[in-house]
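Here are some short exercises to help you find your way around a new structure. Try each task yourself before reading its solution.

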Amino acid sequence: MTVFSFPQVRPGRFSLFNSVETIKLAHAFFSGKEFIGMYKQKDPGKKVVSVTFPFSEIIFAMGAIPVNLVRCEDYTYKETHLLMRRITEITKIFGWGAIDNLLKLAYFTRAGADVVDILCDNMIGALNERYTQLPRYAEERGFPVDSCFASRMLYAANLRQGRVADASFDIPYRCPFFAKYYDSLTPFMRNNFLLDIPMTSGADAEAAMEADLQELVAMLERLTGNSYSDARLAEAIEATNEVKAIYKEILYGICKGDVLPYNPFTFAEVQALMLFSLTDCNSNLKAYRANFKRLFAEMTGKIARGEGFDASRCSKILYTPMFGGFEQENVKAVSKLGGRVILADWEIFGILEPISTTGDVLHNFALHMLRMNQFLGFDNETYANTMIRVAKDLGVDGVLFQGVFGCKNLGPVLKIFKEKARQNGIPVVETSFNNIGENVEQNKTRIEAFMEMIQA
Ligand code: SF4
């Protein structure tokens with residue numbers, strides 16, 4: 001892993017220059033429907049598979065398009081959808097260099113305005129607006145109100161956008177509600193494939209996992225008309241291995257370091273985009289890898305040129321679990337109180353570990369999926385240990401644990417985790433989470449007391 005040496009940061013404004021790759025990542029994430037439409041226009045035979053976990057290598061390898069259905073929503077908050085369309089039109093004709101020039105122009109004509117901040121803020125605001133509406137949409141259509149936020153949201157996304165997909169690939173890891181959500185899809189989703197990761201280890205678990213993957217492959221072969229090949233899976237894995245290695249560099253190099261490429265709030269939003277977009281690699285693996293590589297170069301370049309944000313005195317707060325949704329107001333509260341948030345759920349879940357591309361590649365992929373057992377674990381003891389290890393490796397000053405209403409899986413880990421954190425000298429604050437925008441004031445009060453305690 002690269003070790004960075006951070007130069008002295010110039011005082012004053014952090015630059016909005018050279019952030020075009022950040023906008024590109026967000027643009028691809030929020031243009032799901034538009035992009036799928038473009039891909040289908042180019043190749044009408046292409047099949048679309050909805051995914052909920054970042055195991056989309058197998059979908060790419062079969063020549064299909066993975067999509068996180070939430071990306072297919074229209075993001076109308078502050079007209080984000082129109083902005084996205086304008087960006088598509090401009091970049092189609094003039095390329096991404098034009099966006100870079102527009103940003104520079106905006107900087108000089110609106111001195112002091114930080115366009116990247118505004119864009120990121122609005123885009124995550126747009127995502128949150130949808131994340132607020134989707135669970136309610138599910139409830140109004142009879143999905144159990146006592147189920148967790150994530151399963152309500154996924155159900156609604158499937159009801160609203162499911163027609164985009166020709167198949168779905170879901171993983172109900174240790175989760176009864178996820179299985180319920182999956183069952184509810186049967187009447188209207190075609191080719192539903194639920195892959196149960198065995199909750200055991202050893203040769204039998206590996207064989208069961210591989211057999212399930214082979215069944216998935218057979219379904220995808222029927223769907224796409226393409227044949228499986230180890231070489232194509234290896235190619236897809238090589239690309240995601242590269243992305244994941246960069247992701248780790250961002251976590252352990254940049255997030256852990258003293259200088260951030262943007263202010264802490266914007267940086268948290270960029271991390272959220274990285275986390276959410278990894279689920280389906282924005283439906284285009286080649287473009288995503290290129291985007292991620294340049295994004296990393298953009299971040300380190302800003303830091304190297306002294307255009308970063310001096311965060312040496314900002315307390316580092318690990319915010320977890322938030323892969324199913326997070327409260328932007330909590331991040332704002334931490335940032336306002338002189339902290340900076342790190343989002344590392346995929347690292348905690350073991351998703352960022354590399355997969356071997358030699359030998360039997362499907363078997364290697366099965367082992368990778370089984371790795372969830374070592375990280376999230378068969379039990380909450382393992383999960384709590386992983387959180388402690390990652391918190392220590394990241395050198396955080398505290399953990400903001402997002403309690404998830406209705407979650408019988410992740411929620412109960414808190415008790416064990418709190419005790420282990422206490423033994424390791426890691427302060428923990430719990431915020432409650434049922435729907436975005438709920439309990440904001442109560443959470444803020446807790447965060448204020450927590451940050452005061454850390455900074456005392
Ligand atoms: S939040 Fe908990 S209950 Fe909901 S889908 Fe995730 S693991 Fe399952």
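**Exercise 1.** Which helices each supply at least two residues of the shell around the ligand?

*Solution.* Keep in mind that this is a predicted model. Two helices fit the description: α7 (149-161) and α8 (176-185). Next, look at the residues themselves: of the 11 around the ligand, Cys148, Cys175, Phe177, Cys407 and Asn409 come nearest. Finally, sort the shell by class, which gives eight nonpolar, three polar and no charged residues.

**Exercise 2.** Work out where the ligand shell lies relative to the domains.

*Solution.* Start with the division of the chain into domain 1 (20-308) and domain 2 (313-343 + 379-456). Both domains give residues to the shell around the ligand, so the shell lies between them.

**Exercise 3.** Describe how domain 1 meets domain 2.

*Solution.* The centres of the two domains, taken over C-alpha atoms, are 24 Å apart. Their contact takes 28 residues from domain 1 and 27 residues from domain 2. On the domain 1 side, the elements giving two or more residues are α6 (115-140), α7, α8, α10 (230-255) and α11 (264-277). Of these, α11 gives the largest share, seven residues. By class, this side has 20 nonpolar, five polar and three charged residues.

**Exercise 4.** Find how α9 and α15 cross.

*Solution.* The axes of α9 (residues 203-224) and α15 (residues 361-370) come within 9 Å and cross at roughly 115°. That makes α9 roughly perpendicular to α15. The crossing is right-handed. Among the residues that meet are Met209 and Leu213 in α9, and Phe365 and Leu370 in α15. The contact of α9 with α15 has nine nonpolar, one polar and two charged residues.

Key: Residues numbered from 1 in each chain as written. Predicted model: local features only at pLDDT ≥ 70, side-chain atom pairs only at ≥ 80, totals over all residues. Near = placed C-beta within 6 Å. Helix = DSSP H or I, 4+ residues; strand = E, 2+ residues; numbered from the N terminus. Nonpolar A, V, L, I, M, F, W, Y, C, P; charged D, E, K, R; others polar. Domains from an automatic or database assignment. Axes fitted to C-alpha atoms, helices over the stretch in contact; angles between N-to-C directions. Parallel < 35°, antiparallel > 145°, perpendicular 65-115°, else oblique. Left-handed = near helix turned anticlockwise from the far one by under 90°. Contact = placed C-beta atoms within 7 Å.
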